[in-house]
Amino acid sequence: MVAAIALASVTGCSVESLVEEGFERAVEQGNDGENVDIDLDSENGGFVVESDEGSFSVGGDLPADFPADIPLIEGEILSASSMQSADASGWAVQIQAEGEGAFDRAEQALRDAGFTEGEESLSVAAGDLVMAGLVNDRWQVLLSAIDTEGVVSYTVTELS
């Protein structure tokens, strides 16, 4: 480890980048020879895992492939993830909204965009937890929140 730190200081690399690179290589090589690529983003705490089977990413920014026709409530994105494979696509976004009634505003925005209850939709209210399942012709959205905290979660899946 001392040698790695000394080498990092000589070559201008940070210890953080060496640890990140070492972790990526260890996981990629320890995957029984499958083609897996892992990219850690130490600045925002996110990561991307890609393989021949699909991809999964987690971070603090909205994934570039998040469906543009799904309205999100204004606020700070606390976490966001994307999962893509040949069989399914899905996203999860958690937003810290401002003001009262964040869940109601988020649900209304979806309804205004044409989302409705589907055959398998649900609506739940238990204490501070509220949930609603809404669909349109392409997407299914499970909207949930702990309304007193103003944190709204979207789980989006593509209908098959």
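The side chains of Arg-111 and Glu-117 form a salt bridge, with nitrogen and oxygen 2.3 Å apart. The model in which this pair occurs is a predicted one. Arg-111 has a second acidic partner, Glu-107, and here the closest N and O atoms are 3.1 Å apart. Glu-107, Arg-111 and Glu-117 are thus named together in one network, joined by salt bridges that share partners.

**Salt bridges**

The count of salt bridges in the model comes to three. They are listed below.

| Pair | N to O distance |
|---|---|
| Arg-111 and Glu-117 | 2.3 Å |
| Arg-111 and Glu-107 | 3.1 Å |
| Glu-158 and Arg-138 | 3.3 Å |

Arg-111 and Glu-107 both belong to helix α3, which spans residues 102-112, and they are separated by four residues, about one turn of the helix. In an α-helix, residues three or four places apart point the same way, because there are 3.6 residues a turn. The two partners differ in burial class: Glu-107 is buried, at a relative accessible area of 16%, whereas Arg-111 is partly exposed, at 28%.

The remaining bridge joins Glu-158 and Arg-138 at 3.3 Å. Glu-158 lies in strand β9 (residues 151-158) and Arg-138 in the loop between β7 (129-135) and β8 (139-146), so this pair ties together parts that are 20 residues apart in sequence. Glu-158 is partly exposed, with a relative accessibility of 32%, and Arg-138 is likewise partly exposed, with a relative accessible area of 42%.

**Helix α3 and the nonpolar core**

The buried residues of α3 are Ala-102, Phe-103, Ala-106, Glu-107 and Leu-110. These residues lie on the same side of α3, because they cover an arc of only 130 degrees around the axis. They pack against β5 (89-97), β7, β8 and β9. After the helix comes Gly-114, which has a positive phi, near 100 degrees.

Leu-110 also appears in the largest nonpolar core, which has 23 residues; Leu-110 is among those with the most contacts inside this core, together with Ile-70, Ile-73, Val-152, Tyr-154 and Val-156. The elements that give two or more residues to the core are β5, α3, β7, β8 and β9. Leaving aside residues up to four places away in sequence, Ile-73 touches Ile-95, Ala-97, Ala-102, Arg-105, Ala-106, Val-152 and Tyr-154. Ala-102 and Ala-106, two of these contacts of Ile-73, are also among the buried residues of α3.

**Aromatic pairs**

The count of aromatic pairs comes to two. Phe-66 and Trp-91 form an edge-to-face pair, with 6.2 Å from centre to centre and 80 degrees between the planes. Phe-66 is placed in the loop between β3 (54-59) and β4 (75-85) and Trp-91 in strand β5, so the pair ties together parts that are 25 residues apart in sequence. Both rings belong to buried residues: Phe-66 has a relative accessible area of 9%, and Trp-91 has one of 6%.

Trp-91 also pairs with Trp-139; the ring centres are 5.5 Å apart and the planes stand at 75 degrees, so this pair is edge-to-face. Trp-91 lies in strand β5 and Trp-139 in strand β8, so the pair ties together parts that are 48 residues apart in sequence. Trp-139 is buried, as is Trp-91. Ring pairs thereby link Phe-66, Trp-91 and Trp-139 into a cluster.

Terms used. Residues are numbered from 1 along each chain as its sequence is written. This is a predicted model: local features need pLDDT of at least 70, side-chain atom pairs count only at pLDDT 80 or more; totals for chains, interfaces and linings use all residues. Side-chain values use heavy atoms; hydrogens and water are left out. A salt bridge is a side-chain nitrogen of Lys or Arg within 4 Å of a carboxyl oxygen of Asp or Glu. Buried means under 20% relative accessible area, exposed over 50%, partly exposed in between (1.4 Å probe, protein chains only). The arc is that of the directions from the helix axis to the C-beta atoms. Contact means heavy atoms within 4.5 Å. A nonpolar core is a set of buried Ala, Val, Leu, Ile, Met, Phe, Trp, Tyr and Cys residues joined through side-chain atoms within 4.5 Å. Rings of Phe, Tyr and Trp (its six-membered ring) pair if their centres lie within 6.5 Å; planes under 30 degrees apart count as stacked, over 60 as edge-to-face and the rest as tilted.
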